[in-house]
Amino acid sequence: MNRPGQMPVMDGYEAARQIRALADPAKANIPIIAVSANAFEEDRKASIAAGMNAHIAKPIDVKLLMKILTKYLRPELD
């Protein structure tokens, strides 16, 4: 049984792995940012190992979120 806030079919790590495995490079290389209540270093490392670009812990630091989004969506502004 899933806890509230969890994905019903697969977890975020598996979703990231499947996205990264897509045949279409434009889809396989989209930015993936984990947003999780799991804030330990091992959680961040697991997100990166699964293919995510970044990991943000809740509660969300809006300035950090904007910095990360800018890095991946508007790299010319970073």
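1. Start with R74: at 44% relative accessibility, this arginine is partly exposed. R74 pairs with E76 in a salt bridge, with 2.7 Å between the closest N and O atoms. E76 itself is exposed, its relative accessible area being 54%. Keep in mind that this is a predicted model, so every distance and percentage here is computed from predicted coordinates.

2. How many salt bridges does a search of the whole structure find? The count is 3, and the R74 and E76 pair is one of them. The other partners sit in helices, as the next two points describe.

3. In helix α1, which covers residues 12-20, R17 and E14 are 3 residues apart, so about one helical turn separates them. The two form a salt bridge, and their closest N and O atoms are 3.2 Å apart. As for exposure, R17 has 41% relative accessibility and counts as partly exposed. E14 falls in the partly exposed class too, at 28%.

4. Helix α3 (residues 41-49) holds E41 and R44, again with a spacing of 3 residues, or about one turn of the helix. Their side chains meet in a salt bridge at 2.7 Å, N to O. E41 is partly exposed at 41% relative accessibility, and R44 is partly exposed as well, with a relative accessible area of 34%.

5. Now for a residue of the buried kind. Where is S36 placed? It belongs to strand β1, residues 33-36. With a relative accessible area of 16%, S36 counts as buried, because the cut-off for that class is under 20%. The S36 side chain reaches the backbone nitrogen of N38 at 2.9 Å. Setting aside neighbours within four places in sequence, S36 is in contact with H55, I56, A57 and K58. Strand β2 spans 54-57, so if you have the model open, look at S36 alongside H55, I56 and A57.

6. K58, one of the contacts of S36, is also worth a look for its backbone. The peptide bond running from K58 to P59 is cis, with omega near -5°. P59 lies in the loop between β2 and α4.

7. On the overall fold: what does the secondary structure of the chain come to? There are 4 helices and 2 strands. Going along the sequence, they follow the pattern α-α-β-α-β-α. Among contacts with a separation of 6 or more, 26% are between residues 24 or more positions apart.

8. On burial and surface: the chain has 78 residues, and 18% of them count as buried. S36 is a buried residue, as noted above. The accessible surface of the chain is about 5,900 Å². Carbon and sulfur atoms account for 60% of that surface.

9. Last, confidence. The chain has a mean pLDDT of 90, and 90% of its residues reach 70 or more. Where is confidence lowest and where is it highest? Helix α4 (residues 62-73) has the lowest value, a mean of 94, while helix α2 (residues 25-28) has the highest, at 97.

Conventions:
Residues are numbered from 1 along each chain as its sequence is written. This is a predicted model: local features need pLDDT of at least 70, side-chain atom pairs count only at pLDDT 80 or more; totals for chains, interfaces and linings use all residues. Side-chain values use heavy atoms; hydrogens and water are left out. A salt bridge is a side-chain nitrogen of Lys or Arg within 4 Å of a carboxyl oxygen of Asp or Glu. Buried means under 20% relative accessible area, exposed over 50%, partly exposed in between (1.4 Å probe, protein chains only). Contact means heavy atoms within 4.5 Å. Accessible areas come from the Shrake-Rupley method with a 1.4 Å probe; for residues, only the protein chains shown count as cover. A polar contact is a pair of N or O atoms within 3.5 Å; within protein, one must be able to donate a hydrogen and the other to accept it, and residues adjacent in sequence count only if both atoms are side-chain atoms. pLDDT is the predictor's confidence in each residue, from 0 to 100.
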